[in-house]
Amino acid sequence: MPERQVQSINPANGEVIESFTPLNAARIDTALDKAANRFRNWRTVPLAERAELLNRAAEVLEAKASEYARDITLEMGKPISQAEAEVKKCAAACRHYAEHGAAYLQDETISTEAHRAFVRHLPMGPVLAVMPWNFPFWQVFRFAAPALMAGNVGLLKHASNVWRSALNIEDVFHRAGFPEGCFQTLLIGSSEVESVIRDNRVKAVTLTGSGPAGRSVAAIAGDSIKPSLLELGGSDAFIVMPSADLGKAVKTAVTARIQNSGQSCIAGKRFFVHADIYDDFAKRFTTAFDALKVGDPMKADTDVGPLATLAIRDELADQVERSLKGGAERLTKERTVPGNGAWIAPQILADAHSGTPSTDEEMFGPVANLWKVSNLDDAITRANRSVFGLGSVLFSKEESEIDQAVRELEAGATFVNSMVASDPRLPFGGIKQSGYGRELAADGLRAFMNRKTVSVA
Ligand code: NAP
């Protein structure tokens, strides 16, 4: 019987780019052995040496940014300039942990009656990372850079539509000179994830992806009593109050919604605008959406490319239809998009009724939902109706409004007068059905560590 193949398909035109043979059970076993064996030595490698290797990984990423970016765009369709920026951001994350890792890992001294008491951070071992296609490099590096700095080793199960990128990431660590087994890409489907999590050689699992995948991975990790971290979906609120700089708010709202062709967990997805400025905001927002350049993602000036797969496009188109049937009004003009691929026009839906996808679901593509609100209480109440709690944005110059938003918005982050963005210096993660645990900053480094309590009498 011929071996099963997994294909990367260019979502801009439907052409098959490359086929891959998934790992069989024997090769998975070999990889897990390699990871476990490498960990025994990697945990003893001095921090300065680990930092040096991360700096070299940053150099590889920068040197090969355009090559890796091309593969990203071919596989999942994001505009090429954004793909290149993503690869370079990974270099910055590697440098961040190379520079600050040692400080993040320092013992925490605690004063007790003992002669000495402290918490020491010790690595746990091989960590499985189940990752999505939307930022094929960034999602992986924001896990891998701190994990490797911490002395853990990484096993990547990447989304099945971006396996060239998955292999490119392994290539980065190989070229940087990391010892074999520190970071391995496992070309496996989601049905193999359970046995890998349950394997004794694997000590923890992190997943970035959808709710159903998160539920399954967390249940298996829980049953195996292994730590897990979940970065799931979001339907971030973006609130604009009368004191805001309206021009900046509109510009930021557009970028927040259409970055990555709208396929970002922390995209602004639900826009709540105060009645006093609503008409002006809606007009400018619509004009800006209508002016977006939709087209070939390989072109440097493209704003919005195709979605990553036909299935994702079909799901979003269905959500839009259901919201329109449920009472939403489309503000943007009809426009034709290229054929033969996973294309959808950027659009704004206004005043969708509750119980429709606009209010209740994550819409993963360039579709903005807009509502008029009477005051900040109204905006926050509606914002918090979502099951998700990832990021949130407030545009306002009023300190009392900023305080209220920080206190009351149910989200893992509130950004004021700018869009939500992940940054290696800032912890990142969600609450509610957006997941649990934090990546990046010191939190990300300590996510999968034994915080060992030591007391010396
Ligand atoms: P997905 O379908 O959940 O896939 C994510 C990863 O999980 C893929 O590697 C996938 O493998 C795997 N997977 C799927 N079902 C699984 C299961 N039952 N058991 C184990 N693994 C499973 O998500 P996606 O559509 O690729 O990504 C989009 C979602 O990710 C959105 O909801 C987005 O908001 C969320 N996201 C969250 C963050 C964050 O930081 N919070 C960041 C980016 C994206 P296969 O491809 O082989 O199925």
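This short tour takes you around the ligand and the residues that surround it.

Before you click, note that the model is predicted: local features need pLDDT of at least 70, side-chain atom pairs count only at pLDDT 80 or more, and totals for chains, interfaces and linings use all residues. Residues are numbered from 1 along each chain as its sequence is written, and side-chain values use heavy atoms, with hydrogens and water left out.

**Stop 1: the shell.** Select the ligand and show what is near it (a heavy atom within 4 Å). You should find 29 residues, the closest being Trp133, Arg142, Ser160, Ser210 and Glu362. By type, they divide into 14 nonpolar, 11 polar and 4 charged; Gly is counted among the polar ones.

**Stop 2: the polar contacts.** Here, look for pairs of N or O atoms within 3.5 Å. Pick Arg142 to begin with: a side-chain N or O atom is 2.5 Å from a ligand oxygen. Next comes Lys157, whose side chain places an N or O atom 2.9 Å from an oxygen of the ligand. At Ala159, switch on the backbone, where a polar atom is 3.3 Å from a ligand oxygen. With the protein around it, 83% of the ligand's own 900 Å² of accessible area is covered (Shrake-Rupley method, 1.4 Å probe).

**Stop 3: the elements.** Now colour α5 (138-150), β8 (204-208) and α8 (211-223), the elements that each give two or more residues to the shell. Helices here are DSSP runs of H or I with at least four residues, and strands are E runs of at least two. Which element gives the largest share of the shell? That is α8, with 3 residues.

**Stop 4: the domains.** Finally, colour domain 1 (6-232 + 434-456) and domain 2 (236-423): each supplies at least three residues to the shell. Their bounds come from an automatic or database domain assignment.

Terms used: Polar contact = N/O pair within 3.5 Å; in protein donor to acceptor, adjacent residues only side chain to side chain.
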